[in-house]
Amino acid sequence: MPVVKHSDYQPPLWLPNGHFQTIYPSLFRKVDGISYQRMRLSTPDHDFLDLDWSKVNPHETHSQRPLLILSHGLEGDSTRQYITGMVRLFNQHQFDCLAWNFRSCSGEINKQVRFYHSGATDDLDLVIKYAAQKYKEIYLMGFSLGGNLTLKYLGENGENLRPEIKKAVTFSVPLHLSGSSSKMESWQDWVYTRRFNKTLTKKIQEKAVYFPENINTTNLSKIRTLRDFDNYYTSQLHGFKDAEDYYQKNSSLYFIEKIQIPTLIINAQNDPFLSKECFPFDKVNRLEKVFFQAPEKGGHCGFMQKGYEETLWSEYQALGFLSKN
């Protein structure tokens, strides 16, 4: 399918590079008018997932409208502007929306030793199975870690994907987790790494209170990079040998060949989180169902557009792709 390396996307002049295009919307963009209805979904292992619904008609229990399921990024949640901006636009175009929060991301630490990671598709599958009881037309959307999760899920299921799922779109996806982790070790990215490690460390400390026999907090003093965190905690809490084993088994790059529904991946070439392996142009060119857009600019989950600050370029791209017959 076509790979588009150039597009009509143009950032405002006052956002001159990938870092500005990443940080400004994350910190300063405000999305008004979203009012979620939260429900708690129990998991088979006696844990919970918090699901935030934004319906066109909140009083409907079953709807003939399509449903958009949104998966956020690392240490994100359903309130991040890249999620709420999509919810607002798709509600306006008669889509119900379900923004689910990964384990420990909804404001309350989860009940099991495990929490979430880039390849934990069992939780996404549970959310989809629940939604499919009420909706016959479902679309998936994922950002960053949630984009990797979405693509891995689609590839894992391949031809056995639930028929309710029609299309998917993902943004700023670290398709090659090891490469992206290494990219985040550069001095230019220290501000992002520091922010992620701060909140991840806090969650480990909270979990250790409940699971002291499973979690060794002395290793927290050794954490300098995301790879360090994945070596000492993500991999160990979820059954992987080490960070590299976790990266290799969960990178969506190794699953996209099996995707069987129309799927769009949008990665900006100046994304400070993504390595060169996250732009597999030759591979995607051989795929039938996967489309890849790589605008020169946009940052990480940024894409503020010159003259259209209220609605992002990425939001228009998603609406166009998912609405098209």
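Colleague: Which residues is S26 in contact with, leaving aside its neighbours within four places in sequence?
Modeller: In this predicted model, S26 is in contact with Q81 and R195 once those neighbours are set aside. Contact requires heavy atoms within 4.5 Å, and Q81 and R195 satisfy that condition with S26. S26 itself is found in helix α1, residues 18-28.

Colleague: Why is S26 called partly exposed?
Modeller: The relative accessible area of S26 is 35%. Buried means under 20% and exposed means over 50%; a value of 35% lies in between, and S26 is therefore partly exposed.

Colleague: How far apart are S26 and V191 in sequence and in space?
Modeller: S26 and V191 are 165 residues apart in sequence, and their C-alpha atoms are 13 Å apart in space.

Colleague: What makes Y233 a buried residue?
Modeller: Y233, found in helix α7, has a relative accessible area of 3%. Buried means under 20%, so Y233 is buried. Not counting residues up to four places away in sequence, Y233 touches I204, I215, N216, T217, N219, L220 and I223. The C-alpha atoms of Y233 and I204 are separated by 8.2 Å, although the two residues are 29 residues apart along the chain.

Colleague: How do you know that the side chain of Y233 makes a polar contact with the backbone oxygen of N216?
Modeller: The side chain of Y233 reaches that backbone oxygen at 2.6 Å. A polar contact pairs N or O atoms within 3.5 Å, one able to donate a hydrogen and the other to accept it. The distance of 2.6 Å falls within that limit, and the pair therefore counts as a polar contact.

Colleague: Why is N219 called buried?
Modeller: N219 is placed in the loop between α6 (190-210) and α7 (226-237). Its relative accessible area is 14%; the limit for buried is under 20%, so N219 is buried. Leaving aside neighbours within four places in sequence, N219 is in contact with Y232 and Y233.

Colleague: Which residues of helix α8 are buried, and what covers them?
Modeller: In α8, residues 243-250, the buried residues are A243, D245, Y246, Y247 and N250. Their cover includes α4 (145-157), α5 (177-183) and α7. At the start of α8, a side-chain oxygen of D242 comes within 3.2 Å of the backbone nitrogen of E244.

Colleague: Why are α2 and α10 described as oblique to each other?
Modeller: The axes of α2 (residues 81-92) and α10 (residues 313-323) come within 10 Å and cross at roughly 45°. Roughly parallel would require an angle under 35 degrees, and roughly perpendicular 65 to 115; an angle of roughly 45° meets neither condition, and α2 and α10 are therefore oblique. Their crossing is right-handed. By class, the contact has 7 nonpolar, 2 polar and 1 charged residues.

Colleague: Which residues form the contact between α2 and α10?
Modeller: G85, M86, L89 and F90 in α2 meet S314, E315, Y316, A318, L319 and L322 in α10.

Colleague: What makes α3 roughly perpendicular to α4?
Modeller: The axes of α3 (residues 121-132) and α4 come within 10 Å and cross at roughly 80°. The range for roughly perpendicular is 65 to 115 degrees, so α3 is roughly perpendicular to α4. T121, L124, D125 and I128 in α3 meet L149, T150, K152, Y153 and E156 in α4. By class, that contact has 4 nonpolar, 2 polar and 3 charged residues.

Terms used: Residues numbered from 1 in each chain as written. Predicted model: local features only at pLDDT ≥ 70, side-chain atom pairs only at ≥ 80, totals over all residues. Heavy atoms only, no water. Axes fitted to C-alpha atoms, helices over the stretch in contact; angles between N-to-C directions. Helix = DSSP H or I, 4+ residues; strand = E, 2+ residues; numbered from the N terminus. Parallel < 35°, antiparallel > 145°, perpendicular 65-115°, else oblique. Left-handed = near helix turned anticlockwise from the far one by under 90°. Nonpolar A, V, L, I, M, F, W, Y, C, P; charged D, E, K, R; others polar. Buried < 20%, exposed > 50% of the residue type's maximum accessible area, 1.4 Å probe, protein only.
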